[in-house]
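Trainee: Could you take me through the model shown here, one question at a time, and keep the reasoning visible?
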Amino acid sequence: MAEPNLQEIHDFLFDIALKAGDMITSANPGTVDTKKNSSDLVTETDKAVEDMVSSSLKSKFPDYSFLGEETSTSGRLTPAPTFIVDPIDGTTNFVHAHPYISISLAFAHQLRPLVGIVYNPFTQHLYHAIHGKGAYLTAPSVPTSHPPRPGSGTENTEAVVSAYTMTKLPMKMPAPPLTGLKQALVAMEWGNERSGNNWETKTETFASLAGDESTGGAMVHSLRSLGSAALNCCAVARGDLDAYWEGGCWAWDVAAGWVIVEEAGGRVVGGNDGELEPAVDSRRYLVVRASEGRKGQEEMIREFWGAVKGKLEYEY
């Protein structure tokens, strides 16, 4: 088998993301089913988008494997050239018409993610990266303007059609130094396991990070639970979030964001202390933004691990 052409793969995934975005924005969530429990949702649109992506990729790249959220039976990644797909990352947001959702498309080889595309069709923000070539955000250029006041007579004027610009990530260069958890904005997700060891580890870690220093807490600036692992990774890549800690998600949730974060100068390590080289399908992650000087990044990782109460343990 010939060596994968990463640029060709990137460009094809870019186009697929736009097509999927049109499907998502024009859809009504329709029938909503549950998988594991009432917080683990899937819609007809999830399935339709994954079917479109799968058939398109198999037609163009018939020799490559496919790992998709709605069709995978194991969630495990193999060393074979593989497309890793989450058709709607943030299905709960989609069901509730909250526009923080994305399609996440990645390509991995030898267990390493090499191409990542994450697209939020509601904001038209498309994040993309190829290993060794940097990470970028392609998004509308928003003109400086104000909405027309009702009754002003300008309500029906022709809308401005915005051009798109491509910006290299992170948004601020050089990236501001990381100065520790006390000055950090951190993303975390609740997941769909609401009891047992992992739930206790999460809730106790939430309290540890948010709590007052007088009680042993890190007292971070704040915590965010936004509902899309892929977009959380992209926010870290942008520099909007300082860190993102996750347990319970899958390779299709993080693979594309992983490439984008690393190409933007960030780090992906494991969610538990000492896990410096996690597998893409390890299901527990700590993502830290770029920082001027590697020391601040490493110190943030160590400090964050120290705030984790318990140990994340996930099965397939």
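Mentor: The turns that follow treat the sheet, the helices that touch it, and a group of aromatic rings, and the model is a predicted one.

Trainee: In what order do the seven strands of the open sheet lie?
Mentor: The pairing in this open sheet is mixed. Strand 3 (65–68) and strand 9 (164–168) are its edge strands, since each of them pairs on one side only. Neighbouring strands are turned against each other by 20° on average, with direction ignored. Read across the sheet, the order of the strands is 3-4-5-6-7-8-9.

Trainee: Which residue of strand 8 stands opposite leucine 126?
Mentor: Strand 7, residues 125–130, and strand 8, residues 135–140, run antiparallel and are joined by four bridges. Within this pairing, the residue of strand 8 that stands opposite leucine 126 is threonine 138.

Trainee: What angle does helix 6 make with strand 6?
Mentor: It helps to begin with helix 1 (residues 6–25), which packs on the sheet by touching strand 4 (82–89), strand 5 (102–109), strand 6 (112–120) and strand 7, and whose direction makes about 30° with that of strand 6. Helix 6 (residues 251–263) lies across strand 3, strand 4, strand 5, strand 6, strand 7 and strand 8. Its angle to strand 6 is about 100°.

Trainee: How are the axes of helix 5 and helix 6 arranged: roughly parallel or roughly antiparallel?
Mentor: Two packed helices are described by the angle and the distance between their axes. The axes of helix 5 (residues 229–238) and helix 6 come within 8 Å and cross at roughly 10°. Because angles under 35 degrees count as roughly parallel, helix 5 is, with respect to helix 6, roughly parallel.

Trainee: How many nonpolar residues does the contact of helix 5 with helix 6 have?
Mentor: Helix 5 contributes Ala229, Ala230, Cys233, Cys234 and Ala237, while helix 6 contributes Asp253, Val254, Gly257, Ile260 and Val261. By class, one residue of this contact is charged and one is polar, and the number of nonpolar residues is eight.

Trainee: Why is the pair of tyrosine 64 and phenylalanine 83 classed as it is?
Mentor: The structure holds twelve aromatic pairs. In this one the ring centres are 5.9 Å apart and the planes stand at 50°, so the pair falls in the class called tilted. The pair links distant parts of the chain, 19 residues apart, with tyrosine 64 in the loop between helix 2 (44–60) and strand 3, and phenylalanine 83 in strand 4. Given that planes under 30 degrees apart count as stacked and those over 60 as edge-to-face, the class that applies at 50° is tilted.

Trainee: What is the relative accessibility of phenylalanine 107?
Mentor: Phenylalanine 107 forms a tilted aromatic pair with phenylalanine 83, at 5.2 Å centre to centre and with 55° between the planes. Phenylalanine 83 lies in strand 4 and phenylalanine 107 in strand 5, so the pair ties together parts that are 24 residues apart in sequence. Phenylalanine 83 is buried at a relative accessible area of 1%, and tyrosine 64 is buried at 16%. Phenylalanine 107 counts as buried too, with a relative accessibility of 0%.

Trainee: Which residues form one aromatic cluster?
Mentor: Tyrosine 64 and phenylalanine 83 make one tilted pair, and phenylalanine 83 and phenylalanine 107 make another tilted pair. The cluster consists of Phe12, Phe61, Tyr64, Phe83 and Phe107.

How values were computed:
Residues numbered from 1 in each chain as written. Predicted model: local features only at pLDDT ≥ 70, side-chain atom pairs only at ≥ 80, totals over all residues. Heavy atoms only, no water. Pairing = 2+ DSSP bridges. Helix = DSSP H or I, 4+ residues; strand = E, 2+ residues; numbered from the N terminus. Axes fitted to C-alpha atoms, helices over the stretch in contact; angles between N-to-C directions. Contact = heavy atoms within 4.5 Å. Parallel < 35°, antiparallel > 145°, perpendicular 65-115°, else oblique. Nonpolar A, V, L, I, M, F, W, Y, C, P; charged D, E, K, R; others polar. Phe/Tyr/Trp six-rings, centres within 6.5 Å; stacked < 30°, edge-to-face > 60°. Buried < 20%, exposed > 50% of the residue type's maximum accessible area, 1.4 Å probe, protein only.
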